[in-house]
Amino acid sequence: MKFESQLLKGVAPVVVLEILSRGPMYGYELSQAIEQRSGSVLTLGKGTLYPLLYNLEAKKLVKAKWETSDSGRKRRYYSITGKGKEQLTGQKQQLRELSEGLRLVFEWTAA
């Protein structure tokens with residue numbers, strides 16, 4: 001199921017920070033990790049992912065650096081910053097509370 005873009009926009013920064021908290025990645029690799037970890041529920045195309053990464057970088061939540069692979073290809077690797085980790089912790093707590101509130105409203109049973 002594909003989510004409405006506005007719904008995904010709210011959660012996408014947290015998802016990116018969470019994936020990057022596991023280690024640095026370049027854009028395509030990050031996109032694939034998000035799709036894989038979410039069971040293909042969440043997908044971020046280039047038109048969404050790169051502006052989001054630039055925005056997170058401007059806020060100093062992620063940092064980027066160019067690296068050359070063994071094949072000679074240059075890739076921009078993104079990693080989470082200390083400020084990004086703090087932001088992630090707070091946002092994850094908010095998402096837990098939101099999830100619990102939705103569970104109560106919709107009367108979903110806890111899994």
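These entries record what I looked up in a predicted model of a single chain.

**Entry 1. Overall layout**

I began with the secondary structure and found 4 helices and 3 strands in the chain. Read from the N terminus, the order of the elements is α-β-α-α-β-β-α. I then took the extent of the C-alpha trace, which spans about 55 × 30 × 25 Å along its principal axes. Of the 111 residues in the chain, 30% are buried. The chain exposes about 7,800 Å², and carbon and sulfur atoms supply 53% of that area. I also looked up the sequence range of the contacts. Among those between residues at least 6 apart in sequence, 47% join residues at least 24 apart.

**Entry 2. Helix α4**

I turned next to helix α4, which covers residues 82–106. Does its end-to-end distance agree with the expected span, or disagree? The 25 residues of α4, at 1.5 Å a residue, should span 36 Å, and the C-alpha atoms at its ends are 36 Å apart, so the two agree. I listed the buried residues of α4 and found G84, L88 and Q91. After α4 comes E107, and I noted that its phi is positive, near 55°.

**Entry 3. A nonpolar surface patch**

I searched the surface for nonpolar patches and recorded one formed by L95, L98, L102, V105, F106 and W108. Together these residues have about 590 Å² of accessible area. I checked V105 as one of the members. V105 lies in helix α4, and its relative accessibility is 61%. Because the cut-off for exposed is over 50%, V105 counts as exposed.

**Entry 4. Salt bridges**

A search of the whole structure gave me 5 salt bridges. As background, I note that side chains of opposite charge can pair when their charged atoms come close.

I examined R76 and E57, whose side chains meet in a salt bridge at 3.0 Å, N to O. R76 belongs to strand β3 (residues 74–80) and E57 to helix α3 (residues 46–58), so this pair ties together parts that are 19 residues apart in sequence. R76 is partly exposed, at 23% relative accessible area. E57 is partly exposed as well, at 22%.

A further salt bridge joins the side chains of E67 and K65, with an N to O distance of 3.6 Å. I looked up the cover of E67 and found a relative accessible area of 34%, so E67 is partly exposed.

Within α4 I found E100 and R103, whose side chains meet in a salt bridge at 2.7 Å, N to O. How far apart are the two residues along the helix? They are 3 residues apart in helix α4, so about one helical turn separates them. E100 has a relative accessible area of 34% and is partly exposed. R103 is partly exposed, at 23%. Elsewhere, salt bridges that share partners join E18, R22 and K92 into one network.

**Entry 5. E18 and its partners**

I followed the network to E18, which is found in helix α1 (residues 5–20). Which residues does E18 contact, once its neighbours within four places in sequence are left aside? The contacts are L88 and K92. L88 is among the buried residues of α4. Between the side chains of E18 and K92 I also recorded a polar contact of 3.1 Å.

**Entry 6. V11**

I placed V11 in helix α1. Its relative accessibility is 23%, so V11 counts as partly exposed. I compared V11 with R37 and found them 26 residues apart in sequence, with their C-alpha atoms 14 Å apart in space.

**Entry 7. G27**

I closed with G27, which is in helix α2 (residues 27–37). Is G27 buried or exposed? G27 counts as buried, because its relative accessibility is 3% and the cut-off for buried is under 20%. Leaving aside neighbours within four places in sequence, I found G27 in contact with L49, Y50, R76 and Y78. I then took the distance from G27 to R76. The two are 49 residues apart in sequence, yet 7.4 Å apart from C-alpha to C-alpha. R76 thus appears in two of my entries: as a contact of G27 and as the salt-bridge partner of E57.

Terms used:
Residues are numbered from 1 along each chain as its sequence is written. This is a predicted model: local features need pLDDT of at least 70, side-chain atom pairs count only at pLDDT 80 or more; totals for chains, interfaces and linings use all residues. Side-chain values use heavy atoms; hydrogens and water are left out. Patches are made of residues with over 30% relative accessible area and no salt bridge: like charges are joined within 9 Å, nonpolar side chains (Val, Leu, Ile, Met, Phe, Trp, Tyr) within 5 Å. Accessible areas come from the Shrake-Rupley method with a 1.4 Å probe; for residues, only the protein chains shown count as cover. A salt bridge is a side-chain nitrogen of Lys or Arg within 4 Å of a carboxyl oxygen of Asp or Glu. Buried means under 20% relative accessible area, exposed over 50%, partly exposed in between (1.4 Å probe, protein chains only). The expected span of a helix is 1.5 Å times one less than its number of residues. A polar contact is a pair of N or O atoms within 3.5 Å; within protein, one must be able to donate a hydrogen and the other to accept it, and residues adjacent in sequence count only if both atoms are side-chain atoms. Contact means heavy atoms within 4.5 Å.
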